Amino acid sequence: MNSKKFPIMLALSVLSLGMEAQELSAHFDMTVDSNGKITEAISKKQYSVTSQLPAFSVTSLKGEATRFDGYSNYVKASLASSTATVSPVAMLVAEDYTNSADETDAVAWFKTNYVDKGKGVLLTPSTISQLDATKQSACWVMCDRVGISVGYSNLPGNLASASTISALKAYGEAGGNLLLTNHATQLAVAVGRLSETYAPALFGSGSGGQNDDVWGSQPIIGNVDGQIYDHSGHAIYDGMNFTSGLYARSIYCFEGAGIKGDHNCMWDLNTYGLSASPNVVKNFEDITNSTVLGTWNHVVDYCCAGIVDFEPTTTYAGRILAVGLAAYEWNIEVTNPYLDQLELFTTNCINYLNPSLQALNSDALTLNVILAPETYPMMQTDAAEDTPTYATICGNLDETNKEGFALQLSSQGDLQFKFASAYANGYIYAINGTEKLPRGRWNMVTVVLDKANNVATLYLNGTSIGTKRMSRSSVVLSSGTFYIGKDGTDVKSDAFLLNTFCGLIDDISIYNSALTAAQVTSLLPSELATDTPSFNYPATRYASSLWRPQFHGMPSGGWTNESHGLVYENDKYHVFFQKNANGPYMSRLHWGHISSSNLYDWTEEPIALYPGESYDLKGCWSGCVFSDATITGGKTNILYTAVDNSKATIAQAAPNDNDLTSWTKASNNPIISGAPSGLSADFRDCYFFTANGNKYIIVGASKNNIGACTLHKYNNGSWTNAGTFFQGTNANQHGTFWEMPNITDMGNGKWLFTCTPLGLGSGVRVLYWVGTIGSDGTFTADNSQPKYLEMGGIGKEGYGLLSPSICKQDGKTILMGIVPDKLSASVNYQMGWAHNYSLPREISLSSDGTLLQKPYSGLDNMRMSTAYAKQLTLNGTESLSPVSGRQIELLGTFTVGSGNVGFNFLKEGNEQASLTYNSQENTLTLDLTSLKRQANDAGVYSGVYSATLPETLAVGETLKLHVYLDGSIADIFVNDKWAWSVRLFPTNQDAIDAEVFATAATAATVQAWTLSKDQQTTGVSGVNASVTADSVSFYDLQGRQLGGKPARGIYINNGKKRYAH
Amino acid sequence: MLIEKLTVIGLAIAGLGTIQEADGVKEHTFWLRNDGTEAVALQQGYTSCGCTTIAFDKNAAIAPGDSTPVTLRFNPMGKGGEFYESGTIVYGQARQYVQMALEGTCVSSEESLQRQFPIVEGRLRVSNNRFDLGRMTVGTSKTVHVTVLHCEDNNRKELFAVSFTADKELGKGLHHVLKTITTTDGERTVEIGITLDVLIQ
């Protein structure tokens, strides 16, 4: 089969809620066989998608794929080609066209392929009144005669009559497109599109003779570097053989050996007085608003224009495609071995001018979609659907009027293809797939509708997964909107669309034939199994965001709830988290995964756990990772809370690779089947620990309506309940339910227990107790009263760091947790993301059992050379210039005196965030009341966050304030003991200055840096040691060897980063 | 072993020197000698440009040692400046080819210059100063080219690209956009207006 592709332009509008629909154009390619029959229509992903945020495409296995974010974007296409109404094409020939063998052959071909198929009308000057731009969007005028003279007035058979010219002129001015071939190219002048000055004058009308050469069109024009115009990919040549070896360059062949008329009627551009600067072709194109698409076979420089595409002008609305090459010849008295090419070229030209001819076949149709779902459509947020409902991947099904078709995907991953059939005056058929669509990888879904064989087949990756009898009926096609990523209805939660596809869609192809199973298999891209789709949103999506943190852990978009499972493995830190990829709202959680070699430059990894089993249909909720020689064979495993529609259980999963990117759920799940009696049925968030040689899991719960943790002990391959691990004693002070329990061995027999209780009198905040683990595995607190993880008074009502995840690595105990943004759903909708995590904190216990928190030391590597450093007696305000911006670090060591000290940042004029230590009251206050911001704390803090330090600092003692600002989050550390993370959403992009102040003379050492997560350039993580006097060979971070003792800074020595004092 | 081989006798590139456009067609005849062991026929001839034709005896069977003429004719109309036009002869069963060329410099005729640069701007002449860009949609761009002839500077040609982007601000409808190109004529700065007609849809 000779096939070709040609473009049709589709009007597309892409909608995003709250936005005006934007008209866009799409570029669908279709493939046509040698008879001009459409066999394939391909969306080349030339449609653009807009949403609240900049849309983007990813380079994928077949070019570009479009990212559907699952909640806001989808595509509306007016797929005109699927309508049954075809605008026919007209053909106009002279009254006496039978006097020309070429015209006779062309007319015969046109009758067979257009007139007889109801797609064309044949006209002569006597019937030209039927020519109507509203009915026929293209008209082919053909004239190829022996013996006529140059000049359009000499065209035969009334083609040049006043009425003919007048009708053609009116047609063109009304937007009708003309294909003018051979001597008819002169009509471009007659209809007023082309000035007489540029009339085609390279003219032949002789009787011709035998010529054995192959003639055709040379689509590459010119031979000067930078001025070579290659049109070999133009739609008029689609599917044709580009033949080499005949001339200096390849050509598209039109005719072989035979009697050739040599009837040129084209343009010798050297004869029009065109400037050769830059070349005559470009000047001709500029002056006539045209494109030269072909020249003689052999020509490589700038001279002859044989095929010219005259674009509409300001005064002439139609397009004229003029083919004046002598090679375009229908009759050479012998069989033309290139006749199929000539016919295909003609079909291409007609379709180029009249794309509506590309109607779909209602008896034989193939739809092929290449796609990678990240997750399944949400459909509803309340529960996992027992009876799944479907979102549309693409289609125009109208069930009311029983027309169209749609490929659909359910909330549980079931594939379904529905189509309207002509059977029984309209009937909707559904083919249901017997396999679910795999998530996180590329797939090819194909549907073949084959009326002749009375079967409709649904394929997944080339394998049939469902068939349906078609009752020997045709498909009823629809001219309705063709949706991609959604159907015409909206199912929403708040502003978020729920009936949407989430993931990537690459090519969508529609074939006008019923492909065989073998042909379907042949469509499988070889890269399908090996190319890993990336669903990550690029940083450019948030380029205009003042809020998006740069060095805090978070997914690339969508919703994250708490993080969990912080672990160091295979040279990277990994954090897992509650993820909803379908949008920045809370529902049906997956286990997301981010990784980092340094705890500040994070990359989102593929989803680790997808819900889908009967026990986790509603979601894979929080848990932990752990490894144990006995239970996991030393491998890191996941423990998670599996939730179906009625209860929670604990389940386990093992990794398939060392990078922890893909996981397999345990076959014996759930490993803990529910809450033990005596505790609330609500039971979630598991954590593994070992003590005294025993292995335990604790799970958050409620006992007598007070927060508690159950204890489960590992015995011979199974887990048995071992009572209550620890419980609160006062609902108001300890909460009614404990989420995210965590128990960490802090050394010296002391253990740190943290949890995030619900129902606290002061709202959600993290509590901790220090105590011991008994021989039975239960926890006994040293003091029954817990302490707050976030600096006293500041974390409450769900503000500040929640749900800490803790891991030990390199002798450090590292803690991080979610810092909720506390914004409304509508703001999250606009942002495209919700929540992020804190900076990592290094924690330890003081001798009196107080938790000490300081910044993770590796964060120093983000410091850029833009820095401020001074030791001074501060009295008043001092700018920290050159340090400014929204990614900065401020470090001040103050000798406590009588006045207030602190930092102002995000400052412009009188607006600023102000962090003040008041020595009289021993309080630390962050005042945001003058900051222009998106308020997220109305009625709770209302912009004033104030805490009394847990210890009083006496005059002369040292106060160390350490602030990291990153977009919308600040992590604040005091005296390397107390910490607190706060969200602030500045809206003034010019408010970036920073300063330090003291209201009374204060001795201070102040440092500040601009930060960048990209600052680390060596790939060596962490600073290992100081440069010593005997370190004689060291390098700067760019790898340059240095001589002598280095200045203060970080260097490479023996392959490690070292610090020189 | 059968050998089909044609070679050009003498130089395969004929230098025509400096020619005048007004003098019309120039030609040069090359001779091809059969240096092979078999008689060969010339199958096909073609040139690099429509301005140049190639004439040869298509019916001759050239015996080994015999020669045949091939004539290249160069029509200099509109071809001011340096030229290099090649002709290619395809011959023999194996469709081998042999090439020859004409080269030289063509001095444009005054008449030709007046046609190419019809617009007079003082001592300068301009190729075109009004273009119909047709129908454009917002956000699309087009570029046209204008050449200025410096008549008093040895007919030096200076090329300008004039670009237009259909901005949203301009609004839909017919516009006549005036662009200016700036050049110098001796010490004097000269601004030349270029009108772009465009219908924004």
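This is a short talk about chain B, the cysteines, and the contact between chain A and chain B.

Okay, hi everyone. Before we start: this is a predicted model, so local features need pLDDT of at least 70, side-chain atom pairs count only at pLDDT 80 or more, and totals for chains, interfaces and linings use all residues. Residues are numbered from 1 along each chain as its sequence is written, chains are lettered from A and ligands numbered from 1 in the order in which they are written, and side-chain values use heavy atoms, leaving out hydrogens and water.

Let's begin with chain B. Its secondary structure comes to 1 helix and 16 strands, where helices (H or I, at least four residues) and strands (E, at least two) are DSSP runs numbered from the N terminus. Chain B has 201 residues, and 45% of them count as buried, meaning under 20% relative accessible area with a 1.4 Å probe, protein chains only. Now contacts, which are heavy atoms within 4.5 Å: among those in chain B with a separation of 6 or more, 58% link residues 24 or more positions apart.

Next, the cysteines. How many disulfides does a search of the whole structure find? The count over all chains is 0, taking a disulfide as two cysteine sulfur atoms within 2.5 Å. A:Cys624, for one, is in no disulfide, and its nearest cysteine sulfur, in A:Cys686, sits 5.2 Å away. A:Cys624 is also buried, at 2% relative accessible area. Over in chain B, why is B:Cys106 not bonded to B:Cys51? Because the sulfur of B:Cys51, the closest cysteine sulfur, is 9.9 Å away, too far for a bond. B:Cys106 counts as buried too, with 3% relative accessibility.

Right, on to where the chains meet. People often give the size of an interface as the accessible area lost when the parts come together. Here, chain A and chain B bury about 2,600 Å² between them, with 48% of it on carbon and sulfur atoms; that area is summed over both parts, using a 1.4 Å probe. On the chain A side, A:Asn270, A:Asp286 and A:Thr314 lose the most area to chain B, together 23% of what that side buries. The contact takes in 36 residues from chain A and 34 residues from chain B.

What about charges? There are 3 salt bridges between the two chains, each a side-chain nitrogen of Lys or Arg within 4 Å of a carboxyl oxygen of Asp or Glu. A:Asp301 pairs with B:Lys79 in a salt bridge, with the closest N and O atoms 3.6 Å apart. And helix α4 of chain A, residues 280-288, gives 4 residues, the largest share of the side that touches chain B.

Note on methods. Buried < 20%, exposed > 50% of the residue type's maximum accessible area, 1.4 Å probe, protein only. Buried area = accessible area lost by both parts, 1.4 Å probe.
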